[in-house]
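Biologist: I have a new model open on my screen and would like to learn how to read it. Could you take me through some features one at a time?

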Amino acid sequence: LIYCHRKPKTKRAKRFLEKREPKLKENTKNAMLIKGGNANLTVTEVLKDIYAVKKPFAVLYKKKNITRPFEDQTSLEFFSKKSDCSLFLFGSHNKKRPNNLIIGRMFDYHVLDMIELGVEKFVSLKDVKNSKCPEGTKPMLVFAGDMFDVSEEYRRLKSLLIDFFRGPSVPSIRLAGLEYVLHFTAVDGKIYMRSYKVLLKKSGCKIPRIELEEMGPSLDLVMRRTHLASDDLYKLSLKQPKALKPKKKKNISHDVFGTTYGRIHMQKQDLGKLQTRKMKGLKKRPAEKSAEDGGVSPKKSKSA
């Protein structure tokens with residue numbers, strides 16, 4: 001089911017295919033949330049809450065799909081082409097791996113990398129009786145713990161979580177729009193995910209006092225299996241087109257404070273020929289003019 005090789009028969013189909021064509025600035029990544037064939041109530045609620053956080057850039061499949069991503073990835077690639085999603089979250093449950101989540105991403109409709117996480121504790125959105133953020137709110141992502149910088153698996157997990165929850169790219173932000181925080185902590189072999197709503201309180205000055213109120217969902221996760229892309233394939237997925245790379249400008253430099261300096265090349269000027277303000281007091285006498293010309297003009301003999 002490859003849409004890019006089909007010829008559109010209607011204008012609507014043409015617009016549909018144009019949206020999926022490669023662009024210099026790609027669209028916001030969509031995520032598909034898939035329920036496995038043996039998913040229990042906990043996994044189903046986790047997928048629903050993540051879908052509520054990710055909306056409107058997410059697709060939730062309500063029917064159960066009997067597949068095992070680590071053994072066979074063809075079904076994931078099929079759903080990726082069908083829904084035009086480059087991120088996925090697969091939930092399943094069995095005796096060997098209870099309350100199992102697999103988070104991953106695609107590159108060219110093929111699985112790039114995926115990480116299996118086990119849910120040890122879960123508090124849903126409806127269990128926390130506090131006010132919620134509106135749909136589509138862009139979250140602030142906070143990562144705590146040395147493991148996100150030391151271990152390669154945790155470093156790739158951090159990149160994957162940023163890709164999954166970052167939302168659309170915006171040119172500017174306002175203070176009132178910073179109202180949602182997703183906090184990830186890695187300690188003692190576990191990953192703690194917490195969600196907070198930012199409350200702006202009065203402080204008596206221009207800068208408000210910040211308070212965090214737990215909003216849900218919250219998850220206690222443990223890392224299980226991993227499927228990471230090779231270094232060459234990972235570098236290929238990060239490659240940017242030449243049109244997006246900034247062009248170097250000659251004779252322009254920046255200091256540590258961001259100030260721009262430019263160097264201008266000019267010919268050497270003769271300041272003696274510089275035109276100044278014309279004033280009667282600065283007017284040159286005839287003797288000075290003749291001295292500049294390099295000789296003394298002969299005096300005219302008076303007629304007898």
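**Reading backbone and packing**

Modeller: Let us begin with Asn251, which sits in the loop between α6 (231–237) and β11 (252–254). Please keep in mind that this is a predicted model.

Biologist: Happy to start there. What is the phi of Asn251?

Modeller: Asn251 is not a glycine, yet its phi is positive, about 60 degrees. For its surroundings, look at accessibility: the cut-offs are under 20% for buried and over 50% for exposed, with partly exposed in between. Asn251 has 42% relative accessibility, so it counts as partly exposed.

Biologist: Let me try the next one. Where is Asp188, and is Asp188 buried or exposed?

Modeller: Asp188 belongs to the loop between β7 (180–187) and β8 (190–201). Its phi is near 55 degrees, again a positive value in a residue other than glycine. With a relative accessible area of 73%, Asp188 is over the 50% cut-off and is therefore exposed.

Biologist: Now to the peptide bonds. Which residue is joined to Pro56 by a cis peptide bond?

Modeller: Omega is the angle to read here. From Lys55 to Pro56 the peptide bond is cis, with omega near 0 degrees. You will find Pro56 in the loop between α2 (41–54) and β2 (58–65). A cis peptide bond also joins Gly216 and Pro217, where omega is about 0 degrees. Pro217 is placed in the loop between β9 (209–214) and β10 (218–227).

Biologist: On to helices. How are two packed helices described?

Modeller: By two values: the angle between their axes and the distance between the axes. Here, α2 packs with helix α5 (residues 152–165) at an angle of about 65 degrees, and the axes are 10 Å apart. On the α2 side the contact is made by Ile50, Val53 and Lys54, and on the α5 side by Asp163, Phe164 and Phe165. By class, these contact residues are four nonpolar, no polar and two charged.

Biologist: While we are in α2 and α5, I see some charged side chains. Is Glu45 buried or exposed?

Modeller: Glu45 is in helix α2, and its 15% relative accessibility falls under the 20% cut-off, so Glu45 counts as buried. Leaving out residues up to four places away in sequence, Glu45 touches Phe122 and Lys126. In helix α5 you can look at Arg156, which counts as buried because its relative accessibility is 4%. Beyond its neighbours within four places in sequence, Arg156 is in contact with Arg105, Asp113, Ile115, Leu228, Ala229, Asp231 and Tyr234.

Biologist: And a strand residue, for practice? Which residues does Ala186 touch?

Modeller: Ala186 lies in strand β7 and is buried, with a relative accessible area of 6%. Not counting residues up to four places away in sequence, Ala186 touches Ala144, Gly145, Met147, Phe148 and Tyr154. You can also read a distance from this residue: Ala186 and Glu288 are 102 residues apart along the chain, and their C-alpha atoms are separated by 85 Å.

Biologist: Next, the spaces inside. How many cavities of 30 Å³ or more are there?

Modeller: The count comes to two cavities of 30 Å³ or more. The largest cavity holds about 140 Å³ of space. It is lined by 14 residues, and those closest to its centre are Ile103, Leu117, Leu161, Met193 and Leu221. Two or more lining residues come from each of β4 (100–107), α5, β8 and β10, and α5 gives the most, with four residues. By class the lining has 14 nonpolar, no polar and no charged residues.

Biologist: What lines the second largest cavity?

Modeller: That cavity has a volume of about 110 Å³. Its lining includes Lys55 and Pro56 from our cis bond, along with Val53, Lys54 and Phe165. Gly136, Thr137, Lys138 and Pro139 are also among the lining residues. This lining divides into six nonpolar, three polar and three charged residues.

Biologist: Last one. Where does the UniProt record place the Brix domain?

Modeller: The UniProt entry, which is unreviewed, places "domain: Brix" at residues 29–232. In the model, that span is 22% helix and 41% strand, and its end C-alpha atoms lie 22 Å apart.

Note on methods:
Residues numbered from 1 in each chain as written. Predicted model: local features only at pLDDT ≥ 70, side-chain atom pairs only at ≥ 80, totals over all residues. Heavy atoms only, no water. Buried < 20%, exposed > 50% of the residue type's maximum accessible area, 1.4 Å probe, protein only. Axes fitted to C-alpha atoms, helices over the stretch in contact; angles between N-to-C directions. Contact = heavy atoms within 4.5 Å. Nonpolar A, V, L, I, M, F, W, Y, C, P; charged D, E, K, R; others polar. UniProt positions renumbered as here; feature names shortened; annotations may be inferred. 1 Å grid on protein atoms, 1.4 Å probe; cavity = no way out; pocket = protein on both sides within 12 Å on 5 of 7 lines; lining within 4 Å. Points joined across faces, edges and corners; volume = space filled by probe spheres on them.
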